[in-house]
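Colleague: Can you take me through this one? Start with the sheet, then we can get to the ligand.

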Amino acid sequence: MNGQRRLALPDPPLVADGFSLRPWITNDRDVLASVWADSEIRRWASVPSNTDSAAAERWISGSSQRREQGLALDLVAVATDDGRILGEVGLSAFDLERRAAKIGWWTAAAERGRGVATAMVRSLTAWAHDGPLALFVVLAEVADTNRASVAVAESAGFDFLGSRPLNSGSDGGPELVSSTKQLVFASVRSRATARTPTLV
Ligand SMILES: CC(C)(COP(=O)(O)OP(=O)(O)OC[C@H]1O[C@@H](n2cnc3c(N)ncnc32)[C@H](O)[C@@H]1OP(=O)(O)O)[C@@H](O)C(=O)NCCC(=O)NCCS
């Protein structure tokens with residue numbers, strides 16, 4: 001899918017019960033490095049080979065450029081009470097002609113099992129449909145063996161579309177690469193109610 005234009009941040013920022021979503025900032029580098037070291041994240045997600053704080057800082061410093069180039073919009077869920085990082089949700093693989101994008105997510109190990117991923121996905125998906133991007137379709141691709149993430153897609157209201165074989169060149173973690181197929185889920189906005197995208 002092609003990203004074709006600058007991706008504006010949600011304005012006002014998205015909020016959910018107990019957290020708000022904001023872009024990554026440099027001070028998050030140590031948390032991001034620890035997330036990259038987490039075995040569950042490494043198992044299912046694409047993690048750079050260098051996972052130290054300096055690498056995390058470089059990745060964070062590239063996030064505004066990825067937005068400028070229309071490649072990715074990654075947001076961090078930050079707890080309302082003490083500012084700790086709960087998880088990340090992001091859009092990528094934009095196809096603005098078809099008005100579609102992919103969504104991905106993770107929850108920090110200490111925060112799992114209390115609805116963070118579901119709330120993040122619901123919040124960003126609603127904005128993707130109803131905000132300036134006015135996307136018709138938000139897709140989620142989950143390895144069939146990643147039961148927790150399948151449950152997140154279902155709990156966030158995505159419909160199961162079907163499955164496809166995993167590319168041998170998949171850039172996920174080892175478990176993802178050895179999974180046999182990806183399950184494809186979609187959140188589809190009705191054309192009858194969809195609005196015209198706002199150019200930014
Ligand atoms: C998958 C992940 C994001 C779930 O985050 P979470 O904040 O714990 O998810 P939620 O609390 O919103 O749970 C959503 C649903 O998943 C279910 N779930 C959570 N963990 C589960 C598990 N290990 N096995 C089965 N179901 C699970 C919950 O019971 C809930 O279902 P319900 O709504 O029917 O009660 C988290 O485990 C994670 O970050 N994993 C590693 C990274 C990853 O897999 N990313 C996604 C790649 S596609």
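Modeller: Eight strands make up an open sheet of mixed pairing, ordered E1-E2-E3-E4-E5-E6-E8-E7. Strands here are DSSP runs of E with at least two residues, helices are runs of H or I with at least four, and both are numbered from the N terminus. Two strands pair if DSSP finds at least two bridges between them. The model is predicted: local features need pLDDT of at least 70, side-chain atom pairs count only at pLDDT 80 or more, and totals for chains, interfaces and linings use all residues. Residues are numbered from 1 along each chain as its sequence is written.

Colleague: Which strands stand at the edges?

Modeller: Strand E1 (15-16) and E7 do; each has a single partner strand, so one side of each lacks a neighbour in the sheet.

Colleague: How many residues of E7 are buried?

Modeller: Zero of the seven in E7 (residues 159-165), where buried means 20 or more other C-beta atoms within 10 Å of the residue's own, with C-beta atoms placed from the backbone.

Colleague: And how many bridges join E7 to E8?

Modeller: Six, with E7 and E8 (residues 181-188) running antiparallel. Asp-159 stands opposite Ala-186 in E8.

Colleague: Now the ligand. Which residues come nearest?

Modeller: Arg-112, Ala-117, Thr-118, Ala-148 and Ala-151, out of 23 around the ligand; a residue counts as near if its C-beta atom, placed from the backbone, lies within 6 Å.

Colleague: Which element gives the largest share of that shell?

Modeller: H6, with six residues. Helix H2 (39-44), strand E5 (100-107), helix H5 (116-130) and helix H6 (147-155) each supply at least two.

Key: A residue is buried if 20 or more other C-beta atoms lie within 10 Å of its own, exposed if 12 or fewer, and partly exposed in between; C-beta atoms are placed from the backbone.
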